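Visitor: I would like to learn how to read a model of this kind, one feature at a time. Could you take me through it?

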Amino acid sequence: MRQSKDKKFYQDLLDEEQLLRYYRGRFAVRNDIIVDHVLSLLPDDASVIDLAAGSSYIAEALLKDNRVKHYNWNDFNPKLQSLVSRRVKDDRMKISSFDVDADSYSLAGYNVFVCVSMEHLERDCEALKKLDSGCVVSICSPDLEDPAHVRSFKSLAEMEDRYSSLLDIKIRQEHRDGVPKFILSGYKR
Ligand SMILES: C[S@@+](CC[C@H](N)C(=O)[O-])C[C@H]1O[C@@H](n2cnc3c(N)ncnc32)[C@H](O)[C@@H]1O
């Protein structure tokens with residue numbers, strides 16, 4: 001039986017107005033840090049996969065850069081998909097609804113991977129293992145126990161312990177504004 005929450009849980013959790021909180025305040029500040037990390041490592045001809053995205057904040061920011069040629073935005077919440085399809089009108093953007101913890105999917109061919117929701121995913125390491133070697137990766141996870149979280153880290157070092165065999169980490173950052181959040185960026189080994 002899965003430990004992570006299924007689609008229905010998230011679909012029922014927040015209405016559209018509440019989903020907009022991920023575009024504001026400390027979420028926006030944290031998202032801007034991730035955008036800065038990704039832009040500092042961004043390849044030309046970037047093909048981005050943004051897994052369990054939670055909002056289109058990062059997509060909207062990265063699509064301003066014309067090195068981004070394709071952007072595959074994933075989240076299995078239909079309410080959020082509907083919001084994002086109305087917010088983002090860009091031919092490079094694709095909306096994907098697969099369930100990261102239950103469906104089979106491929107991440108071959110992407111050269112940028114973003115995930116702000118690692119704490120929601122049981123199969124986090126499996127996702128990273130699907131990436132091509134050299135893919136730019138930026139991931140975030142908070143120090144926060146929550147019914148929807150399958151793990152939490154007490155420090156950046158703890159997070160690094162989990163992912164360093166898969167990632168060559170180039171940038172590590174703690175963001176302590178309300179809930180502490182840890183951000184690691186680098187390349188898939
Ligand atoms: C609540 S948001 C997390 C926000 C994020 N922690 C942040 O700080 O911005 C988590 C998102 O992950 C999505 N999600 C969770 N599990 C998923 C899965 N197995 N497959 C696809 N999307 C998933 C949810 O629908 C939700 O929109």
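Guide: Let us begin with the vocabulary of the chain: helices, of at least four residues, and strands, of at least two, are runs assigned by DSSP and numbered from the N terminus. The model in front of you is a predicted one. With that vocabulary, Ala-52 can be placed in the loop between S1 and H4, and Ala-53 is in the loop between S1 and H4 as well.

Visitor: What is the phi of Ala-52, and is Ala-52 buried or exposed?

Guide: Most residues other than glycine have a negative phi. Ala-52, although it is not a glycine, has a positive phi of about 45°. For burial, the step of reasoning is a count, and a residue is buried if 20 or more other C-beta atoms lie within 10 Å of its own, and exposed if 12 or fewer do. Ala-52 counts as buried because it has 23 C-beta neighbours inside 10 Å, and Ala-53 is buried with 25 other C-beta atoms within 10 Å.

Visitor: Where is Asp-45 found, and what is its phi?

Guide: Asp-45 is found in the loop between H3 and S1, and it has a positive phi of about 55° although it is not a glycine. Asp-45 counts as exposed, because it has 10 C-beta neighbours inside 10 Å.

Visitor: Which residues are closest to the ligand, and how many surround it?

Guide: The ligand is surrounded by 18 residues, of which the closest are Tyr-10, Ala-52, Gly-54, Asn-77 and Val-100. Sorted by class, this shell has nine nonpolar residues, six polar residues and three charged residues.

Visitor: How should I read the strand that comes before the loop holding Ala-52, and which strands does S1 pair with?

Guide: Strand S1, residues 46-50, is mostly covered, with four of its five residues buried. On S2 (residues 68-74), which runs parallel to S1, five bridges make the connection, and Ile-49 stands opposite Asn-72 there. S1 is also joined by three bridges to S4 (residues 112-115), again in the parallel sense, where the bridge partner of Ile-49 is Phe-113.

Visitor: What handedness does the unit of S1, H4 and S2 have?

Guide: The β-α-β unit made by S1, helix H4 (residues 57-62) and S2 is right-handed. A right-handed β-α-β unit is likewise made by S4, helix H6 (residues 124-129) and S5. The two strands of that second unit, S4 and S5, are parallel and joined by four bridges, with Cys-115 standing opposite Ile-139 in S5.

Visitor: Is S5 buried or exposed?

Guide: Seven of the seven residues of S5 are buried, so S5 is largely enclosed by the rest of the structure. Both of its faces are covered, with Val-136, Ser-138, Cys-140 and Pro-142 buried on one side and Val-137, Ile-139 and Ser-141 buried on the other.

Visitor: Which strand pairs with S5 in the antiparallel sense?

Guide: Strand S5 (residues 136-142) is joined to S7 by seven bridges, and these two strands run antiparallel. Ser-141 stands opposite Phe-182 in S7, while the bridge partner of Pro-142 is Lys-181. S7 (residues 179-188) is itself largely enclosed by the rest of the structure, because seven of its 10 residues are buried. S7 also pairs with S6 (residues 167-177) in the antiparallel sense, over 10 bridges, and Arg-176 stands opposite Pro-180. S6 and S7 form a hairpin with one residue between them, and Gly-178 in the turn has a positive phi of about 80°.

Visitor: What span does helix H3 reach, and which of its residues are buried?

Guide: Helix H3 (residues 25-41) has 17 residues, and the 25 Å from its first C-alpha to its last is close to the 24 Å expected at 1.5 Å a residue. Its buried residues include Arg-30, Asn-31, Ile-34, Val-35, His-37 and Val-38. These cover an arc of only 160° around the axis, which means that they lie on the same side of H3. The face turned away from that buried side carries the exposed residues Gly-25 and Ser-40.

Visitor: How far apart are Gln-3 and Asp-101 in space?

Guide: Their C-alpha atoms are separated by 9.5 Å, although Gln-3 and Asp-101 are 98 residues apart along the chain. Gln-3 is in the segment before helix H1 (7-13), and with 8 other C-beta atoms within 10 Å it is exposed.

Key. Residues numbered from 1 in each chain as written. Predicted model: local features only at pLDDT ≥ 70, side-chain atom pairs only at ≥ 80, totals over all residues. Near = placed C-beta within 6 Å. Nonpolar A, V, L, I, M, F, W, Y, C, P; charged D, E, K, R; others polar. Pairing = 2+ DSSP bridges. Right-handed = clockwise from strand over helix to strand, strands pointing away. Expected span 1.5 Å × (residues − 1). Arc of directions from axis to C-beta.
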